[in-house]
Amino acid sequence: MAEWPAQLPEAVTIVEVGPRDGLQSADANLPTAQKVELIERLVAAGLRHIEATSFVSPRAVPLLADADQVMARVKREPGVRYIALVPNRRGLERAIAAHVDEVTLPISASDGHSRANLRRSTAEVLAQVPELVELAHGHGLRVRGGIATAFGCPYEGVVPVERVLWLTRQLVEAGVDSLTLADTVGMAHPLQVEELVCKVREVLPPGFPLGIHLHDTRGIGLANALAALQAGVTEFDASVGGIGGCPFAPGAPGNISTEGLVYMLEQMGIRTNVDGEAVEEAARWLHGRLKSETDARSQEGYR
Ligand code: COA
Ligand code: ZN
């Protein structure tokens, strides 16, 4: 049994992923100006790590086809890391040209999700990581490796822990600067989170930054976040208003909400440096914008 109260950190980092994970699968496509406004509202709320978009194939994710314009227009605040997800060299080159600070390289622990998401096996995706890391570092970009389906796969079911540990070692060797374990469709439970985080930390170099990316499919997202916190995770992905979901993972609803996570952590005395009420206000604004875009589209006669 773990000791209670558990050793908890004084502060954690929240990575806001709503503009990427949320908007990639939203019911409506926001105009570019509103995507920019969303990012700026989140920065104003105190968020310092924002996954702002992804540079993927516009055919795969039409809702983020304006990624280059979003990054060109967004007003950069000093001290904020603007992050973009990139699936390949082409995406990384676009990210470099757009002057992002950091990239997320997604790689699925399961081949089934890897093929659905990136049309390549895990090994094929892994093979390109060292050269992508080198290119990113050469341009001063930090790289976070995102292990998708770390807690289960919508196509394959159980993902063996050994597979995640193997991928962890490979990604560290390839030179990524941090790792994020993703529960892509929200299959994890707290004991599983605690176990996997502890095992992954055992194979990571001491002090290596480890984050978690949770989806709240069954209402246990924050319970999983608490388990991760107690197991030593200090970096949490979350999305404004709890929007989100991978379009290539059936049944993936939203991420844990940023405002819910901020509330939980602050009430527990853990600093986030984020104004939870301002995030709630941004969430209300965003839901209103998405609703009016959806209404406008259905009035035009197509859905
Ligand atoms: N940005 C823009 N266009 C890209 C691109 C990128 N990063 N990568 C590929 N393309 C374009 C190619 O130029 C090509 O265009 P063309 O048909 O007009 O010539 C087309 O996409 C196909 O390229 P190819 O390399 O054969 O890609 P693919 O069809 O095998 O698809 C991915 C592979 C990775 C590009 C695609 O599956 C993808 O973007 N997936 C992202 C999924 C995602 O975002 N999931 C959620 C987050 S994890
Ligand atoms: Zn996600």
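## Contacts, strands and a zinc site

Apart from its neighbours within four places in sequence, I220 is in contact (heavy atoms within 4.5 Å) with A188, H189 and P190. This is a predicted model, in which local features need pLDDT of at least 70 and side-chain atom pairs count only at pLDDT 80 or more, while totals for chains, interfaces and linings use all residues. Residues are numbered from 1 along each chain as its sequence is written, chains are lettered from A and ligands numbered from 1 in the order in which they are written, and side-chain values use heavy atoms, with hydrogens and water left out.

I220 sits in the loop between strand 7 (210-214) and helix 10 (221-230). Helices (H or I, at least four residues) and strands (E, at least two) are DSSP runs, numbered from the N terminus. I220 and I256 are 36 residues apart in sequence, and their C-alpha atoms are 9.0 Å apart in space.

The table lists relative accessible areas. Buried means under 20%, exposed means over 50%, and partly exposed lies in between (1.4 Å probe, protein chains only).

| Residue | Relative accessible area | Class |
|---|---|---|
| R20 | 8% | buried |
| H213 | 6% | buried |
| H215 | 4% | buried |
| I220 | 32% | partly exposed |
| R119 | 70% | exposed |
| N273 | 59% | exposed |

**The zinc site and R20**

The zinc ion (ligand 2) has three protein donors: D21 through OD, H213 through NE2 and H215 through NE2, at 2.0 to 2.2 Å from the ion. Donors are N, O and S atoms within 2.8 Å of the metal (3.2 Å for Na, K and Ca), and sites may look incomplete, since water is not among the atoms. Along the sequence, the spacing of the donor residues is D-x191-H-x1-H.

R20 belongs to helix 1 (residues 18-22). Leaving aside neighbours within four places in sequence, R20 touches H213, one of the zinc donors. The other contacts of R20 under this rule are E51, A52, T53, S54, L64 and L85.

**Strands**

Two strands count as paired if DSSP finds at least two bridges between them. Strand 1 (residues 13-16) runs parallel to strand 8 (residues 235-238), and 4 bridges join them. Here E16 stands opposite A238. Strand 1 is also joined to strand 2 (residues 49-54), again in parallel, by 2 bridges. In that pairing V15 has H49 as its bridge partner.

Strand 5 (142-148) is largely enclosed by the rest of the structure, because 6 of its 7 residues are buried. Strand 5 pairs with strand 4 in the parallel sense through 7 bridges. It is also parallel to strand 6 (residues 178-183), with 4 bridges between them. G145 of strand 5 takes part in both pairings: it is the bridge partner of L105, and its partner in strand 6 is L179.

In a regular strand the side chains alternate between the two faces of the sheet.

**Helix 7**

Which residues of helix 7 are buried? In this helix (residues 129-138) they are V129, L132, V133, L135 and A136. They lie on the same side of helix 7, because they cover an arc of only 165° around the axis; the arc is that of the directions from the helix axis to the C-beta atoms. The face turned away from this buried side carries the exposed residues E134 and G138.

The buried residues of helix 7 pack against three helices and two strands: helix 4 (89-97), helix 6 (122-127), helix 8 (161-174), strand 4 (102-108) and strand 5 (142-148). After helix 7 comes G140, with a positive phi near 80°.

**Positive phi outside glycine**

Where is R119 placed? R119 is in the loop between helix 5 (111-118) and helix 6. Its phi is positive, about 60°, although R119 is not a glycine. N273 is another residue other than glycine with a positive phi, near 60°. N273 lies in the loop between helix 11 (258-267) and helix 12 (276-299).

**Aromatic rings**

R76 lies over the face of Y82, 5.2 Å from the ring centre. A charge sits over a ring if NZ of Lys or CZ of Arg is within 6 Å of the ring centre and within 35 degrees of the ring normal.
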